[in-house]
Amino acid sequence: MKLRVKMGTVVPKMGTVVHPEDVPADYRAAMAMALQAELGSTHRAIKSAMRWTGASERTVKYWFAGERGPSGDHLLSLARHSDAVLIALLALADRLIVEEVEDRER
C-alpha cells in the first residue's frame, strides 16, 4: 500500500512549512521539530499535545525538547492529530511518496 501526499512537497500549518527533506535522521529530533512546526513552542502547544495523547506535561516537554520521543499509543495519537508528525514519521521510515501537483510545475 502506497501512501501519497497529493498536494505537493510541503505541509502548511499555522504559517509554518515542513519540508520532508529537512526531517532530521534522529527520531527524537524529528518528532521535536514536527511538534514545534505544528504547534509552536509555547505552553499552550504543550497543553494541546497533552490533550491529544493523554500524556503528562513533563513527558510532552521531553518530546518538545527532543530529549525523548513519543512511543506506541502516544505516537499514534500525535500522528492522528498532526500532519507534521505523520510526515516526519513517514520520512523517517522512507515511506513518503511525494507527487508534484501539475499546476505548481507550470
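Q: What makes Arg68 count as lying over the face of Tyr62?
A: In this predicted model, Arg68 sits 3.9 Å from the ring centre of Tyr62. The distance cut-off is within 6 Å, with a further limit of within 35 degrees of the ring normal. Arg68 is listed as lying over the face, so both conditions hold.

Q: Which other residue lies over the face of Tyr62, and at what distance from the ring centre?
A: Arg58 does, at 4.4 Å. That value also falls within 6 Å.

Q: How do you know that the structure has no stacked or edge-to-face rings, and how many aromatic pairs are found?
A: The search of the whole structure finds zero aromatic pairs. A pair needs ring centres within 6.5 Å. Stacked and edge-to-face are labels for pairs, so neither applies here.

Q: Why is Glu38 called buried or exposed?
A: Glu38 has a relative accessible area of 5%. Buried means under 20%, so Glu38 is buried. Glu38 lies in helix 1.

Q: What makes the approach of Glu38 to Ala84 a polar contact?
A: The side chain of Glu38 reaches the backbone nitrogen of Ala84 at 3.3 Å. The cut-off is within 3.5 Å. The value therefore meets the distance test.

Q: Why is His81 called partly exposed?
A: His81, in helix 4, has 40% relative accessibility. Buried stops under 20% and exposed starts over 50%. His81 falls in between, so the label is partly exposed.

Q: Which residues does His81 touch, not counting those up to four places away in sequence?
A: His81 touches Glu38 and Trp52. His81 and Glu38 are 43 residues apart in sequence. Their C-alpha atoms are 9.8 Å apart in space. Contact is judged on heavy atoms within 4.5 Å, so the C-alpha distance does not rule it out.

Q: Which residues of helix 2 are buried, and what do they pack against?
A: In helix 2 (residues 43–53), Ala45, Ile46, Ser48, Ala49, Met50 and Thr53 are buried. They pack against helix 1, helix 3 and helix 4. Just after helix 2, Gly54 takes a positive phi of about 80 degrees.

Q: Which residues touch the most other members of the largest nonpolar core?
A: They are Leu35, Ala49, Val60, Trp63, Phe64, Leu78 and Val85, out of 21 residues. Helix 1, helix 2, helix 3, helix 4 and helix 5 each give two or more residues to this core. Helix 1 gives the largest share, five residues.

Q: Which residues are in contact with Leu78, leaving aside its neighbours within four places in sequence?
A: Leu78 is in contact with Leu35, Ala49, Trp52, Thr53, Trp63, Pro70 and Val85.

Definitions and conventions: Residues numbered from 1 in each chain as written. Predicted model: local features only at pLDDT ≥ 70, side-chain atom pairs only at ≥ 80, totals over all residues. Heavy atoms only, no water. Buried < 20%, exposed > 50% of the residue type's maximum accessible area, 1.4 Å probe, protein only. Helix = DSSP H or I, 4+ residues; strand = E, 2+ residues; numbered from the N terminus. Phe/Tyr/Trp six-rings, centres within 6.5 Å; stacked < 30°, edge-to-face > 60°. Polar contact = N/O pair within 3.5 Å; in protein donor to acceptor, adjacent residues only side chain to side chain. Core = buried A, V, L, I, M, F, W, Y, C linked by side-chain atoms within 4.5 Å.
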